[in-house]
2 protein chains.
Amino acid sequence: MNYDMIEAAAERANGHIRHTPMVNSPFIDKIAGRKVYIKPECLQHTGSFKARGAWSALSAMDPAVRKSGVMAYSSGNHAQGVAWSAAQHGAPAVILMPADAPQLKRNNTKALGARVVLYDRATEDREEKGLALATDLNLTLVKPYDDPHVIAGQGTVGLEIAAQAAELGIEEADVLVCCGGGGLTSGIALALEQKAPGLRVRPVEPEHFDDVARSLSAGSISRNNRMDGSICDAIVTPQPGDLTFPIMQRLCGPGLSVSDDEALNAMAQAFLRLKLVAEPGGAVALAAALNRKNEISGDAVIVVISGGNVDPMMFSRSLISHADVA
Amino acid sequence: MNYDMIEAAAERANGHIRHTPMVNSPFIDKIAGRKVYIKPECLQHTGSFKARGAWSALSAMDPAVRKSGVMAYSSGNHAQGVAWSAAQHGAPAVILMPADAPQLKRNNTKALGARVVLYDRATEDREEKGLALATDLNLTLVKPYDDPHVIAGQGTVGLEIAAQAAELGIEEADVLVCCGGGGLTSGIALALEQKAPGLRVRPVEPEHFDDVARSLSAGSISRNNRMDGSICDAIVTPQPGDLTFPIMQRLCGPGLSVSDDEALNAMAQAFLRLKLVAEPGGAVALAAALNRKNEISGDAVIVVISGGNVDPMMFSRSLISHADVA
């Protein structure tokens, strides 16, 4: 895994993956106490940055292997990214989801052209069922973050940030990144190390699910005690990845964390001031910019909104509790 | 008013006005029955295209005149555009608003640095009060659409559409534009006439407030019977402008119109599929693409979302009534 793979991923993505803009608002700057530049990956195909990694992985495959099909374990953004990328490549995709995954996510994944296979969380082993399917159907697994091509694809966000920061004249700043397994965080960090070394990547996680922050601070991989209980489900993972952690250890930190309520508030600010739809897990970096000003340095901060695949009822909740600005 | 003024406006806007992306979604294509490419001006500074026209008008003024101050009559997007542009130019701005304008709009306009002066709709004459203020304070009025520099500024959207359509290989298509007084519609049409003559601009209005469509069809200016009763308040104007109508007559049409409910549905689709916040008046062009497929021609259609300054409760209403996709 190295910088050159990110440049290669960007070349393969050309014409297929959106260059997302960099936006800002004087209202948000005022709350944050500094200039805040926001990179809205919710505007990416499928509504999250995951389309980048999935595109990178599939476009790097041997065409014969790809044609036989790909598989992913996911009920969320990674599933949609892989389904979309497979459809664009004309490859079959099988997505393995728990039987209790929301109907909306199942429908979206199917509508993107994938076959959804359900498993029972209580009685079936996911890896076992996945392995059996992959063997039977000759499918290649696309991992959500611990894969060099996936990390390289997410790293293309970092290439765009470097170019956009240069255009804005920003040479030194913290770059706050919503962090689950660390694919996006480590990819951006590798890109910036090469193209904008004055920009420092800071992973942002939900409170009580800050395995990356704790791992970085301890110097070794630390797990989350549990996986449920956060509204930021898109970025709750058991622990940092084996490939992503050493990159983050070398280049990123310290980590930041925010509460569910702070994430909901950031969603409301993105609605009011940027006209963007962010999901809770996609809003934690913005929430950190708004609520952790003393833990951030510099006159400007760069923030990634990583996704916008949020349930309408959860979105209304953020508006009702946090958008009363009269 | 001519094409060269649009190129000049684009040059003055360089580095100040955002180039908005062009986005799409397979889900929206499926509903619309053709490819739909969406130009989200809700991502422009101040949340609507109005920042373009206001920037153009102020940047074209004699610096001494500008320094003395500008004025606008508006409680909405034009007010925010003028306030923002004035602040960026270091010029004072006075915005005349009805005393019953929503507190949110007053606060936003003030927060952007403008002085808000209220008048009583029942007892005071707006033009009279405005004229007195302008004379006393030596302010220059910035009209919302019937001004060549404002039209030229809105026309920069058309330059971007022409370039983006060329990149997508689209040579012939309808371009659906949310239409009030016609500044955005006529500006885009003038730009496309020069840069992409195969693209035809179609104004889209709220049902029962389709003064532009009726005027185009009659060949002479026709007024709306009333000004209240639509949720698409941002694009309800008494009649087409004296400058904008002849341009629209030469280049645009036929007009389309959509119901409030269709606008709310389009807002929900923009939320679900594009992760964008559209206001009702800003969503009518998308609503036409989704609901008037037999009145549109071609394999692809281009749609402008003109703004996203929507009250949280109105937005929740669109989600509750139209985002139930389970």
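Contact here means heavy atoms within 4.5 Å. With that in hand, welcome to a set of close-up views of a predicted model.

**View 1. Ser85(A) sits in helix H5 of chain A**. This helix covers residues 77-89. Is Ser85(A) buried or exposed? Ser85(A) is buried, and its relative accessible area is 0%. Once neighbours within four places in sequence are set aside, the residues in contact with Ser85(A) are Ala54(A), Trp55(A) and Leu58(A).

**View 2. Helix H6 of chain A is covered from both chains**. Helix H6 takes in residues 103-111 of chain A, and its buried residues are Leu104(A), Arg106(A), Asn108(A) and Thr109(A). What covers them? From chain A, the cover includes H5, strand E3 (93-98) and E4. From chain B, helix H2 (26-32) and helix H12 (260-274) take part. After H6(A) comes Gly113(A), with a positive phi near 105°.

**View 3. Arg121(A) lies in a loop of chain A**. The loop runs between strand E4 (115-119) and helix H7 (126-137). Arg121(A) counts as exposed, at 55% relative accessibility. Which residues does Arg121(A) touch, not counting those up to four places away in sequence? They are Pro98(A) and Asp100(A). Look also for Met97(A): 24 residues separate Met97(A) and Arg121(A) in sequence, while their C-alpha atoms are 9.3 Å apart in space.

**View 4. Helices H1 and H9 of chain B cross at roughly 100°**. Two packed helices are described by the angle between their axes and the distance between the axes. Here H1 spans residues 3-13 and H9 spans residues 183-195, and their axes come within 9 Å. Angles of 65 to 115 degrees count as roughly perpendicular, so H1(B) and H9(B) are roughly perpendicular to each other. On the H1(B) side, the meeting residues are Tyr3(B), Ile6(B) and Glu7(B). On the H9(B) side, they are Gly187(B), Leu190(B), Ala191(B), Gln194(B) and Lys195(B). By kind, the residues of this contact divide into four nonpolar, two polar and two charged.

**View 5. A cis peptide bond joins Gly253 and Pro254 in chain A** **and in chain B**. In chain A, omega of the bond between Gly253(A) and Pro254(A) is about -5°. Where is Pro254(A)? Pro254(A) has its place in the loop between helix H11 (244-251) and strand E8 (256-258) of chain A. Turning to chain B, the bond from Gly253(B) to Pro254(B) has omega near -5°. Pro254(B) is in the loop between helix H11 (244-251) and strand E8 (256-258) of chain B.

**View 6. Asn138(B)** **and His208(B) have positive phi values**. Asn138(B) is not a glycine, yet its phi is about 60°. Asn138(B) belongs to the loop between helix H7 (126-137) and strand E5 (140-141) of chain B. With a relative accessible area of 53%, Asn138(B) is exposed. His208(B), another residue other than glycine, has phi near 75°. The loop that holds His208(B) lies between strand E7 (199-206) and helix H10 (211-218) of chain B. His208(B) is exposed, and its relative accessible area is 60%.

**View 7. Cys178(B)** **and Cys252(B) are too far from other cysteine sulfurs for a bond**. How many disulfides does a search of the whole structure find? The count is zero over all chains. A disulfide needs two cysteine sulfur atoms within 2.5 Å. For Cys178(B), the closest cysteine sulfur is that of Cys232(B), 8.6 Å away, so the two are too far apart for a bond. Cys178(B) counts as buried, at 3% relative accessibility. For Cys252(B), the closest cysteine sulfur belongs to Cys179(B), and the 7.8 Å between them is too far for a bond. Cys252(B) also counts as buried, at 10% relative accessibility.

**View 8. A two-fold axis relates the chains**. Two copies of a chain are related by a rotation about an axis and a shift along it. A turn of 180° and a shift of 0.0 Å along the axis lay chain B on chain A, with an RMSD of 0.0 Å. That is the relation of a two-fold axis. Which C-alpha of chain B is nearest the axis? That of Leu276(B) is, 2.5 Å from the axis. The same surface serves both copies, as 97% of the contact residues of chain B recur in chain A.

Key: Residues numbered from 1 in each chain as written. Chains lettered and ligands numbered in written order. Predicted model: local features only at pLDDT ≥ 70, side-chain atom pairs only at ≥ 80, totals over all residues. Heavy atoms only, no water. Least-squares fit on C-alpha atoms with pLDDT ≥ 70 in both. Buried < 20%, exposed > 50% of the residue type's maximum accessible area, 1.4 Å probe, protein only. Axes fitted to C-alpha atoms, helices over the stretch in contact; angles between N-to-C directions. Helix = DSSP H or I, 4+ residues; strand = E, 2+ residues; numbered from the N terminus. Parallel < 35°, antiparallel > 145°, perpendicular 65-115°, else oblique. Nonpolar A, V, L, I, M, F, W, Y, C, P; charged D, E, K, R; others polar.
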